[in-house]
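Student: I've got a model open and I'd like to learn how to read its strands and cysteines. Could you walk me through it?

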Amino acid sequence: MKKTVSIIISTLVVFSLLFTLGVSASAKAGTTYYIDSTSGNDANAGTSTSKAWKSLSAHTDFDFQPGDKILLKAGGIYEGIFITKCSGTEDAPITLSSYGDIKKDGYPLMTTKTSEHVIVLVNTSNWIIENVEITAPIGGGVHVQCTNGYPDAITNYINAKKSEHIAGDLYNKQQEEPNEPEVPDEPDVPDEPEEPVSFIEQIKAALEGAKDSVKGALDSVKGTVEDIVDRFDEEPEVELINDTNLPAEFICSNITFRNMKMHDICNLRDGHPMFSGSKRAFYINTSGQGTRFENITLSNIDIYDCAYGIEIKGNN
């Protein structure tokens, strides 16, 4: 009887361990998203090679979760910027990598024709970025930003980056589009001679126009005064900002870059009519009180033909 009970208890313990391990493994697995610049479609689910997304930049607002993998098809060209504030965990990092035969087809190429960085990580931790190639003739490669600020400030920072990208993208499209040939103006047709207007009629028309102008000006002044009065009556919706409300320390940690090619970054920026300054292959920056990085790893990174290589700035 004791032997039977012992066997049953042992079986339950083993089952419990297997169940726990299974739940733990499934929790860390995350979802794999596939991106194929040739045959993908951004309206797809992205969760299989047959239903791959077409671009990564179209999903820059996607809420990636710990353990997720974002895989770019080898040999593809992926134009646009990727900005994210999503984070993984220590045991379930978010991975940006490739799928397919990179030895045969080459690394997936991430690029932009604008002045922004191709990849921007804002207040993120626990990422692995590997097996990709990055180029940006007037832009930058990777920007990692650690900011100790309010959520609104971080959102505004991200939106500003997107706006810079959109402005630069529109500028480049305008440069690429051929100028339309000018259409010659049609010859002017002489106006028919007007009937003479009496002096009295001219005075009447002038007075009528003056009356309308004065009425419009008075209405405008009235509206302005009413708006000012309303503003004084309203309670200002201002949230007092106190630095003591911010965390004493904010750390971005465990971000790994490996097996990457970075080239032709910012090497055409000089003399570009819209932008000034220079971007880096890697720009790692902190801002705000108590911000710092921990465990930022770069390994096997091939950097060449770039205006600048790596810059680390701030409290590191």
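Student: Let's take strand E10 and strand E12: how many bridges pair them, and in which sense?

Tutor: First the general idea: strands are DSSP runs of E with at least two residues, numbered from the N terminus, and two of them pair if DSSP finds at least two bridges between them. Here E10 (residues 140-147) and E12 (residues 282-287) pair over six bridges, in the parallel sense. For instance, Val142 has Phe282 in E12 as its bridge partner.

By the way, this is a predicted model, where local features need pLDDT of at least 70 and side-chain atom pairs count only at pLDDT 80 or more, while totals for chains, interfaces and linings use all residues. Residues are numbered from 1 along each chain as its sequence is written, and side-chain values use heavy atoms, with hydrogens and water left out.

Student: Which strands form the open sheet, and in what order?

Tutor: The order is E4-E7-E10-E12-E14, five strands with parallel pairing. At the edges sit E4 (82-84) and E14 (310-313), each pairing on one side only. For the twist, axes are lines fitted to C-alpha atoms, and angles run from 0 to 180 degrees between N-to-C directions. Neighbouring strands of this sheet are turned by 10° against each other on average, direction ignored.

Student: And side chains on a strand?

Tutor: In a regular strand the side chains alternate between the two faces of the sheet. As a case, look at His143, which lies in strand E10.

Student: Is His143 buried or exposed?

Tutor: Buried means under 20% relative accessible area, exposed over 50%, and partly exposed in between (1.4 Å probe, protein chains only). His143 has 3% relative accessibility, so it counts as buried. Its side chain also makes a polar contact with the side chain of Gln145 at 2.9 Å. A polar contact is a pair of N or O atoms within 3.5 Å; within protein, one must be able to donate a hydrogen and the other to accept it, and residues adjacent in sequence count only if both atoms are side-chain atoms.

Student: What does E11 pair with?

Tutor: Among its partners is E13 (residues 291-306), joined to E11 by 13 bridges and running parallel. Cys252 stands opposite Phe293 in E13. E8 (residues 127-130) also pairs with E11 (residues 250-265) in the parallel sense, over four bridges.

Student: How many disulfides does a search of the whole structure find?

Tutor: Zero, with a disulfide being a pair of cysteine sulfur atoms within 2.5 Å. Cys266 is in none, and its nearest cysteine sulfur, that of Cys306, is 9.0 Å away. Cys266 is buried, at 4% relative accessible area.
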